[in-house]
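Please read the following alongside the sequence and the coordinates. The text starts with the overall makeup of the chain and then goes through its parts.

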Amino acid sequence: GRCSCHQVVNAAERVYHFVTSTENGLGIDADKLLIFGQSIGTGPASHIARYPCNCLILVSPFTSIRDLSAQLIGKWTTSWMLPKSYHPKQSANDNDADTAPDL
């Protein structure tokens, strides 16, 4: 099936809560957690780092979802994506930001 950004973020949040939960999880202290993300995984990792953790490690983070899509899937994908002139800072409430979050 298809996987959406929302599903990926929800799965990452469920893993975080399982790892840190003392009731039904592993009970690991959040202050000991290292959140790691590589390439496209830096998006969910950055989201999870909003929760308490020791540090966030990003390896080869993407700066443009348009460029990452073209590299991984093919340049044809950019034709139906946001225009290059799109500026996410001008649309702070938009969920379709073209760049990775500022950290």
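**A walk through the predicted model**

In this predicted model, 26% of the contacts in the chain with a separation of 6 or more are between residues 24 or more positions apart. The chain has 103 residues, and 26% of them count as buried. The exposed area of the chain is about 7,600 Å², and 55% of that area is supplied by carbon and sulfur atoms.

The secondary structure consists of three helices and two strands. Along the sequence they follow the pattern α-β-α-β-α. Helix H1 covers residues 5-20 and helix H2 covers residues 42-48. Strand S1 runs over 34-38 and strand S2 over 55-59, while helix H3 takes in residues 65-72.

The interior comes next. In soluble globular proteins, nonpolar side chains tend to be buried together. Here the largest nonpolar core has eight residues, namely Ala12, Tyr16, Val19, Ala30, Leu33, Ile35, Ala45 and Ile48. The elements that give two or more residues to this core are helix H1 and helix H2. H1 provides the largest share, three residues.

Which residues does Tyr16 touch, leaving out those up to four places away in sequence? Tyr16 lies in helix H1, and its partners are Ala30, Leu33, Ile48, Tyr51 and Pro52. With a relative accessibility of 7%, Tyr16 counts as buried, because the cut-off for that class is under 20%. Tyr16 can also be placed relative to Ile28: the two are twelve residues apart in sequence, and their C-alpha atoms are 9.8 Å apart in space.

Ile35 is another member of the core. Setting aside its neighbours within four places in sequence, Ile35 is in contact with Ala45, Ile48, Cys53, Cys55, Leu56 and Ile57. Among these partners, Ala45 and Ile48 also belong to the core.

Helix H2 also holds Gly43. At 25% relative accessibility, Gly43 counts as partly exposed. Gly43 and Val9 are 34 residues apart in sequence, yet the distance from C-alpha to C-alpha is 8.7 Å.

Helix H3 has its own buried residues, which are Arg66, Leu68, Ser69 and Ala70. Just after H3, Gly74 takes a positive phi of about 140°.

Two residues other than glycine also have a positive phi. For Ser39 the value is near 55°, and for Ser60 it is about 55°. Ser39 is placed in the loop between S1 and H2, and Ser60 in the loop between S2 and H3. Are these two serines buried or exposed? Ser39 has a relative accessibility of 25% and counts as partly exposed. Ser60, with a relative accessible area of 52%, is exposed, because that class begins over 50%.

On the surface, Leu34, Phe36, Ile57 and Val59 make a nonpolar patch of about 350 Å². Strand S1 and strand S2 are the elements that give two or more residues to the patch. One of the patch residues, Val59, is found in strand S2. Val59 counts as partly exposed, at 30% relative accessibility.

The cysteines are the last topic. A disulfide is a covalent bond between the sulfur atoms of two cysteines. How many disulfides are counted in this model? The count comes to zero. For Cys5, the nearest cysteine sulfur is that of Cys3, 8.7 Å away. Cys5 is therefore in no disulfide, since the pair would have to lie within 2.5 Å. Cys5 is exposed, with a relative accessible area of 62%. Cys55 is likewise in no disulfide; its nearest cysteine sulfur belongs to Cys53 and is 6.8 Å away. At a relative accessible area of 26%, Cys55 is partly exposed. Cys55 and Cys53 both appear among the contacts of Ile35 described above.

Technical notes. Residues are numbered from 1 along each chain as its sequence is written. This is a predicted model: local features need pLDDT of at least 70, side-chain atom pairs count only at pLDDT 80 or more; totals for chains, interfaces and linings use all residues. Side-chain values use heavy atoms; hydrogens and water are left out. Buried means under 20% relative accessible area, exposed over 50%, partly exposed in between (1.4 Å probe, protein chains only). Patches are made of residues with over 30% relative accessible area and no salt bridge: like charges are joined within 9 Å, nonpolar side chains (Val, Leu, Ile, Met, Phe, Trp, Tyr) within 5 Å. Accessible areas come from the Shrake-Rupley method with a 1.4 Å probe; for residues, only the protein chains shown count as cover. A salt bridge is a side-chain nitrogen of Lys or Arg within 4 Å of a carboxyl oxygen of Asp or Glu. Helices (H or I, at least four residues) and strands (E, at least two) are DSSP runs, numbered from the N terminus. Contact means heavy atoms within 4.5 Å. A nonpolar core is a set of buried Ala, Val, Leu, Ile, Met, Phe, Trp, Tyr and Cys residues joined through side-chain atoms within 4.5 Å.
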